[in-house]
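Open the model in your viewer, colour it by secondary structure, and follow the stops below in order.

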Amino acid sequence: TAAAHGRSILLGTYAENLQRQDRVLTTLKEYRPDGMIICPAGGTTAETLQHLMAAQVPLVQLSREIPGIGLDFVGSDDRHGTVLAVEHLIGLGHTRIAFLGESPLISTGRNRYRGYCETLAKHGLPLDPTIVYSAYGTRENGLKGVQKVLDAANPPTAAICFNDLTAFGALLGLRHRGLEAGAHFSIIGCDDVQEASQWYPALTTVKNFQDEMGRKTAEMLLRR
């Protein structure tokens, strides 16, 4: 979308590292950009972006929203996506459903976990902290997380994963235990990245319209 409007893109990445994010944003600001699209690192606050706002750089938040900052935001209904996922697993007969990748420092993490908690409560199922694994959504954390919840006194038979990367790690973690998704354990991811359909078995996942979010974010920034 940016290219179609004759704009060049500078890309900076910082994972979940606040110090690296500050360096990247400060460096990009020095190029005096027409605007910035930001997917904030975990733990970012309104104060983190004040130097950009003071420089009057137009900003749009993508996927993750910082509370109380009043900036434009484009994202999916993360809570609803997890509600759909939990409802699907309950429909398959699961009553012990883990959550892998609980991340309170990012809005997507808070909203997805809220959907999980609310749907369990709606069906009268207990929220068991022994089958909730708190960590950022990475393959490594998915692998570690599924093995940890399987070691619980009353292990789960299914898991909601924060994102597809977490789910890919969980699929590998199951194989470390001689288990296979679909046959012995149910897993649902979130994002619907291209790799999800290439796994065997293919990953069940919640589509959050990433391409559309990207287009709308660029359009909103161009209007700014």
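Begin with the whole chain in cartoon view, where this predicted model shows seven helices and eight strands. The radius of gyration is 19 Å, close to the 17 Å that the globule rule gives for 224 residues, so the protein is as compact as a globular protein of that length. If you turn the view along the principal axes, the C-alpha atoms fill a box of roughly 55 × 35 × 30 Å.

Next, switch to a surface, which exposes about 11,700 Å², with carbon and sulfur atoms supplying 52% of that area. Beneath the surface, 45% of the 224 residues count as buried. Selecting the charged side chains brings up 22 positive and 23 negative charges, whose mean positions lie 2 Å apart.

Now select residues 78–91, which form helix H3. Its 14 residues should span 20 Å at 1.5 Å a residue, and this agrees with the end C-alpha atoms, which are 20 Å apart.

Which residues of H3 are buried? Show the side chains and you will find Asp-78, Gly-81, Thr-82, Val-83, Ala-85, Val-86, Leu-89 and Ile-90. To see what these buried residues pack against, add strand S4 (97–102) and helix H4 (107–122), and then the strands S6 (158–161), S7 (186–191) and S8 (204–207).

Finally, move past the end of the helix to Gly-93, which follows H3 and has a positive phi, near 105 degrees. Then zoom back out to the whole protein, where, among contacts with a separation of 6 or more, 63% are accounted for by residues 24 or more positions apart.

Notes:
Residues are numbered from 1 along each chain as its sequence is written. This is a predicted model: local features need pLDDT of at least 70, side-chain atom pairs count only at pLDDT 80 or more; totals for chains, interfaces and linings use all residues. Side-chain values use heavy atoms; hydrogens and water are left out. Helices (H or I, at least four residues) and strands (E, at least two) are DSSP runs, numbered from the N terminus. The radius of gyration is taken over C-alpha atoms; the globule rule is 2.2 Å times the number of residues to the power 0.38. Buried means under 20% relative accessible area, exposed over 50%, partly exposed in between (1.4 Å probe, protein chains only). Contact means heavy atoms within 4.5 Å. Accessible areas come from the Shrake-Rupley method with a 1.4 Å probe; for residues, only the protein chains shown count as cover. Lys and Arg count as positive and Asp and Glu as negative; His and the chain ends are not counted. The place of a charge is taken as NZ of Lys, CZ of Arg, CG of Asp or CD of Glu. The expected span of a helix is 1.5 Å times one less than its number of residues.
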